[in-house]
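This report examines how selected helices are buried and which charged side chains are paired. The sequence and structure are shown first.

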Amino acid sequence: MVVELQAMFLSKPDEGLSMSSASFERAAALELTVWELITAAKASLGNNNHILLSRCRRLHLDSIEILLEHCSSILDNKASTELMARFLPSARELLESQKLRLGNDHTDVARTSNDISMGIQALLSHSPKRLLSLQLQDMRSLDQCSRFEHSCRKEKERIEKLFPKDANNIIAMVKEA
C-alpha cells in the first residue's frame, strides 16, 4: 500500500488538488488503520517487541512520512502536529524493538534514530507543548528533548560511518589487489 501511494504521488505531480485529495484520503486511511492495528496488536500479542509490531510500526512511520511530505498543502499545522505526536511514540517503540532484535549497529536502527531526531526537531519547532504532553521516557523537559534529539542524530551518524556509501568500490578494489 505504501508503494502504491508513493507511486501515485510521484507519477502525477501536476494533477493538482483533486489528485492530492484522493491520495491524501488513502494515505490518511492507511495511517489511521495501522495506528489502530498497532493498538489492538499490542494488547493481543502481549509482547511490545514482537516482530509483527515492528513491521506495523515501520508502516505507520512510512505512512506519516508520506502524508507530511506529499500532503502538506492539505494539512494544517494542527493536523501536522498531531501526526508527529503519533509518529514519535511509534518510532521510539520501534527503535527499542530494533535494538533488541538487530543490535545497536544496524542500518535500520540508524534510520529509526534519524526518524526520531527529525520528529523531535519538528515538534520542538512547531509545538513544544505538544511534545512535552507525550510524556515520553527521557523527554520530560525541553532540555531533555533536545538532548535526546542530539543523541539520536549522533547515533545515526555513528552507524552510517560503519557502512560507507562507497562500499562496493572498496570491495572491488580489495578483490583486485
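## Packing of helix α5

In this predicted model, the buried residues of α5 pack against four helices: α3 (51-70), α4 (77-102), α6 (128-133) and α7 (142-162). The residues of α5 that are buried are Val-109, Ala-110, Thr-112, Ser-113, Asp-115, Ile-116, Ser-117, Gly-119, Ile-120 and Leu-123.

Helix α5 itself comprises 20 residues, 107-126. From first to last C-alpha, α5 reaches 29 Å, close to the 28 Å expected at 1.5 Å a residue.

## Helix α7 and its buried face

The 21 residues of α7 should span 30 Å at 1.5 Å a residue, and the 31 Å between its end C-alpha atoms agrees with this. Buried positions in α7 are Cys-145, Phe-148, Glu-149, Cys-152, Glu-155, Lys-156 and Ile-159. Viewed down the helix axis, the buried residues of α7 fall within an arc of 125°, and they therefore line one face of the helix. This can be set beside the general geometry of the α-helix: with 3.6 residues a turn, residues three or four places apart point the same way.

The cover over the buried residues of α7 includes α4, α5 and α6. On the other side of α7, Arg-147 and Lys-161 are exposed.

A salt bridge within α7 joins the side chains of Lys-154 and Glu-157, with an N to O distance of 3.4 Å. Lys-154 and Glu-157 are separated by about one helical turn, because they are three residues apart in helix α7. Lys-154 counts as partly exposed at 40% relative accessibility, and Glu-157 is also partly exposed, with a relative accessible area of 31%.

## Salt bridges between helices

The structure holds 14 salt bridges. In one of them, the side chains of Arg-86 and Glu-31 meet at 2.8 Å, N to O. This pair links distant parts of the chain, since Arg-86 lies in helix α4 and Glu-31 in helix α2, 55 residues apart. Glu-31 has a relative accessible area of 2% and is buried, whereas Arg-86, with 23%, is partly exposed.

Another salt bridge is formed by the side chains of Asp-62 and Arg-111, at 2.7 Å from N to O. Here too, distant parts of the chain are linked: Asp-62 belongs to helix α3 and Arg-111 to helix α5, with their positions 49 residues apart in numbering. Asp-62 counts as buried at 16% relative accessibility, while Arg-111 counts as partly exposed at 38%.

## A network of charged residues

Asp-62 and Arg-111 also take part in a network of salt bridges that links Arg-58, Asp-62, Glu-65, Arg-111 and Asp-115. Asp-115, a member of this network, is among the buried residues of α5. The α3 helix, which contains Asp-62, is one of the helices against which the buried residues of α5 pack.

## A nonpolar surface patch

Which residues make the nonpolar surface patch of about 240 Å²? The patch is made by Leu-45, Ile-51 and Leu-52. Leu-45 lies in helix α2, which covers residues 16-45. With a relative accessible area of 34%, Leu-45 is partly exposed.

Technical notes
Residues are numbered from 1 along each chain as its sequence is written. This is a predicted model: local features need pLDDT of at least 70, side-chain atom pairs count only at pLDDT 80 or more; totals for chains, interfaces and linings use all residues. Side-chain values use heavy atoms; hydrogens and water are left out. Helices (H or I, at least four residues) and strands (E, at least two) are DSSP runs, numbered from the N terminus. The expected span of a helix is 1.5 Å times one less than its number of residues. Buried means under 20% relative accessible area, exposed over 50%, partly exposed in between (1.4 Å probe, protein chains only). Contact means heavy atoms within 4.5 Å. Patches are made of residues with over 30% relative accessible area and no salt bridge: like charges are joined within 9 Å, nonpolar side chains (Val, Leu, Ile, Met, Phe, Trp, Tyr) within 5 Å. Accessible areas come from the Shrake-Rupley method with a 1.4 Å probe; for residues, only the protein chains shown count as cover. A salt bridge is a side-chain nitrogen of Lys or Arg within 4 Å of a carboxyl oxygen of Asp or Glu. The arc is that of the directions from the helix axis to the C-beta atoms.
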